[in-house]
Amino acid sequence: PISPPQKDSIFKPSFKKEKPPASPKPQISWEARIGENYLQKIGVVAVLLGVSFFLKYSFDQGWIGPSGQIAIGILIGIAFLGAGEFFVKKYEKWAHVMSGGGIAVLYFSLFATRNIYELLSVEIAFLFMILVTVMAVIAAIRYNSLPLALFGIIGGFVTPLLVASPDPNIWVLILYAYMLSIGVLGISHFKQWGALQLPAFVFTAGYFLYATMELNEFRPLMTLLAIFFVIYSVMPFYHHLIQKKTTKKVNFVLTILNAVFVAGATFFIVGDFHENYLGIAFFILAVAYFVESYLAFTRAPQNKGLMLALMAIFIALLTAIIPIELENHEHIMTAAFAAEALLLFWAGFRLKLTDLRTYAAIIQGIALVSWFICIDSFLVNSTVLINSFVGLTIFVIALMGAISYLYQKNKNHLGKSEKDI
C-alpha cells in the first residue's frame with residue numbers, strides 16, 4: 001500500500017515572505033550640507049552684525065539714550081528666542097542658531113547694563129543673568145540641543161565675571177559655581193551630554209583656585225576642596241555604579257582630572273598650613289578612592305575600566321605617601337616600595353586582575369631605582385657587612401623571592417604577556 005503524504009512534505013509550498021532589500025541611504029549633496037550647516041549660521045551672524053552696526057550708529061548720533069539702548073537689546077534677544085521657538089518644527093537647526101543668538105544678545109545687553117552704563121546693581125544684574133542661563137538650559141533640553149546647552153552653561157559660569165564687583169563675596173562665587181556644577185552633572189546625566197562636564201570642571205576649578213588666593217584659612221579651604229571632590233567624584237560615581245551606566249571616555253578623563261586636581265590642591269594647602277599632616281591627608285584621600293574602587297569591583301563588574309582607573313589612583317596616592325613621610329629615610333622608603341609591590345602582586349593574583357599586577361610591576365621598578373640610589377650609603381659606610389644597606393638588600397631580595405613564588409604558584413593563571421616575560 002502507498003502511504004499518504006506527510007504534512008511536513010517537501011512538496012508543501014512555502015509562503016514565507018522575503019524581506020525587501022534595504023533602500024540605500026539618501027546621499028546628501030555638498031550644496032545641501034553647506035546650506036543646512038553653514039549658511040544658516042552665517043545668516044544669523046550677519047543679522048546680528050547688521051543690527052549691531054545700526055544700533056551703534058544710532059547710539060553714536062545720540063538718537064537713543066542708554067535706557068533705550070538696553071531695552072532694544074533685550075527686545076532683540078527675546079525676539080530671537082521667539083523666532084527659534086516658532087521655527088523649531090520646520091527649521092530645527094536654524095531655530096537652534098536663532099535661540100543661541102538670542103541668548104548671546106541678552107548676555108551682552110545685561111553686561112552693558114551693569115558694566116558700561118551702571119543702570120543695575122551687581123545683585124540685580126547677577127540675578128537676571130542667572131535667569132538667562134536657566135532659559136538657555138530649558139531651551140536646550142526642549143530642543144535637545146547640546147550646543148545650546150553648552151553655550152548656556154559657559155554663559156552661566158562667565159556671569160560672575162561679566163558683572164564683577166570691586167569687592168566680590170568669595171563664598172557666594174564659589175558656592176554659585178558648585179551649585180551650577182551640580183546642575184550641569186544632573187543635566188549631563190539626564191540627557192547623556194557628557195561634553196558638558198569638562199567645561200564645568202575647568203570653570204569650577206578656576207573659581208576654587210581664585211578662592212585659594214583670597215581665603216587664607218585652612219578649614220574653609222579644605223571644606224571647599226572636600227565639596228569639590230564630592231561633586232566631581234560621587235556624582236559620576238552614582239551615574240556609573242548605582243544606575244549601572246556604561247563608562248565613557250569623558251568620564252575617565254573627568255575621574256583622573258578630579259584626582260589630580262584634588263591631590264595637588266591637598267598637597268599645597270596642607271603643606272602650607274600643616275606640613276606634618278600631609279601624609280595623613282593623602283592617606284584619607286587614598287582610602288576614599290579605595291572604597292570607590294572596591295564598590296566598582298563589587299557593584300559594577302561590567303565597568304572594569306572604571307574600577308581599574310580608581311584602583312590606579314588609589315595606588316598612586318598610597319605610593320605618594322611613602323616619599324612624603326620618609327623624605328629623609330631612603331632605606332625605609334625603598335623597603336616600603338618593595339613591600340607595597342609584594343602586596344599588590346598578592347592582591348593581583350587573589351583578585352585575578354592582570355592590570356593590578358602591572359601596577360605592582362611599576363612599583364617594583366620604583367623600588368629597584370630607589371635601591372640603586374641607596375648604594376651611595378654603602379660606599380661611604382665604614383663597615384662592609386653590617387650596615388643598613390646590606391639589611392635593605394637582604395629584605396628586597398627576600399621580597400623579590402616572594403614575588404617569584406607567587407608567579408610560580410599561579411603560573412597556570414598568567415596572562416600571555418606575563419608568560420612571555
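## Glutamine 364 and its surroundings

Glutamine 364 sits in helix α13. In this predicted model, its relative accessibility is 18%, and because anything under 20% is classed as buried, glutamine 364 falls on the buried side. Setting aside neighbours within four places in sequence, the residues in contact with glutamine 364 are Ala341, Phe345, Met400 and Ile403.

Two of those partners lead straight to the next topic: Ala341 and Phe345 belong to α12, and both appear in the contact of α12 with α13.

## The α12 and α13 pair

Helix α12 covers residues 330–351 and helix α13 covers residues 354–373. Their axes lie 8 Å apart and make an angle of about 165 degrees. Angles over 145 degrees count as roughly antiparallel, and α12 and α13 therefore run roughly antiparallel to each other. Their crossing is left-handed.

If you would like to trace the contact on screen, the α12 side is made up of Glu330, Thr334, Phe337, Ala338, Glu340, Ala341, Leu344, Phe345, Ala347, Gly348, Phe349 and Leu351. Facing them from α13 are Leu356, Arg357, Ala360, Ala361, Ile363, Gln364, Ile366, Ala367, Ser370 and Trp371. By residue type, this contact holds 15 nonpolar, 4 polar and 3 charged residues.

## The α5 and α7 pair

Here is a pair with another arrangement. α5 (146–162) packs against helix α7 (residues 197–214) at an angle of about 10 degrees, and their axes are 10 Å apart. That angle makes α5 roughly parallel to α7, since the cut-off for roughly parallel is under 35 degrees.

On the α5 side you will find Leu150, Ile154, Phe157, Val158, Pro160 and Leu161, which meet Pro199, Ala200, Phe203, Thr204 and Tyr207 of α7. The contact of α5 with α7 comprises 10 nonpolar residues, 1 polar residue and no charged ones.

## Threonine 133 and the end of α4

Threonine 133 belongs to helix α4, which spans residues 122–143. Its relative accessible area is 4%, so threonine 133 is buried. Leaving out neighbours within four places in sequence, threonine 133 is in contact with Tyr107, Gly152, Gly155, Gly156 and Thr159. Glycine 155 is 22 residues away from threonine 133 in sequence, yet their C-alpha atoms are 6.6 Å apart in space.

Between α4 and α5 there is a loop that contains asparagine 144. This residue is worth a look at the backbone: asparagine 144 has a positive phi of about 55 degrees, although it is not a glycine.

## Nonpolar cores

In soluble globular proteins, nonpolar side chains tend to be buried together. In this model the largest nonpolar core has 98 residues, and Phe157, Phe208, Phe228, Tyr232, Tyr289 and Leu317 have the most contacts inside it. Helix α11 (residues 304–325) supplies the largest share of this core, 11 residues. Tyrosine 289 is in contact with Phe229, Thr255, Asn258, Ala259, Leu310, Ile313, Phe314 and Leu317, not counting neighbours within four places in sequence.

There is also a second, separate core of 5 residues, including Ile76, Phe80, Met98 and Val105.

## The chain as a whole

Stepping back, the protein chain has 16 helices and 0 strands. Of its 421 residues, 40% are buried. Among contacts with a separation of 6 or more, 68% join residues that are 24 or more positions apart.

Notes
Residues are numbered from 1 along each chain as its sequence is written. This is a predicted model: local features need pLDDT of at least 70, side-chain atom pairs count only at pLDDT 80 or more; totals for chains, interfaces and linings use all residues. Side-chain values use heavy atoms; hydrogens and water are left out. Axes are lines fitted to C-alpha atoms, for helices over the stretch in contact, and angles run from 0 to 180 degrees between N-to-C directions. Helices (H or I, at least four residues) and strands (E, at least two) are DSSP runs, numbered from the N terminus. Angles under 35 degrees count as roughly parallel, over 145 as roughly antiparallel, 65 to 115 as roughly perpendicular and the rest as oblique. A crossing is left-handed if the near helix is turned anticlockwise from the far one by less than a right angle, and right-handed if clockwise. Contact means heavy atoms within 4.5 Å. Ala, Val, Leu, Ile, Met, Phe, Trp, Tyr, Cys and Pro count as nonpolar, Asp, Glu, Lys and Arg as charged, and the others, Gly among them, as polar. A nonpolar core is a set of buried Ala, Val, Leu, Ile, Met, Phe, Trp, Tyr and Cys residues joined through side-chain atoms within 4.5 Å. Buried means under 20% relative accessible area, exposed over 50%, partly exposed in between (1.4 Å probe, protein chains only).
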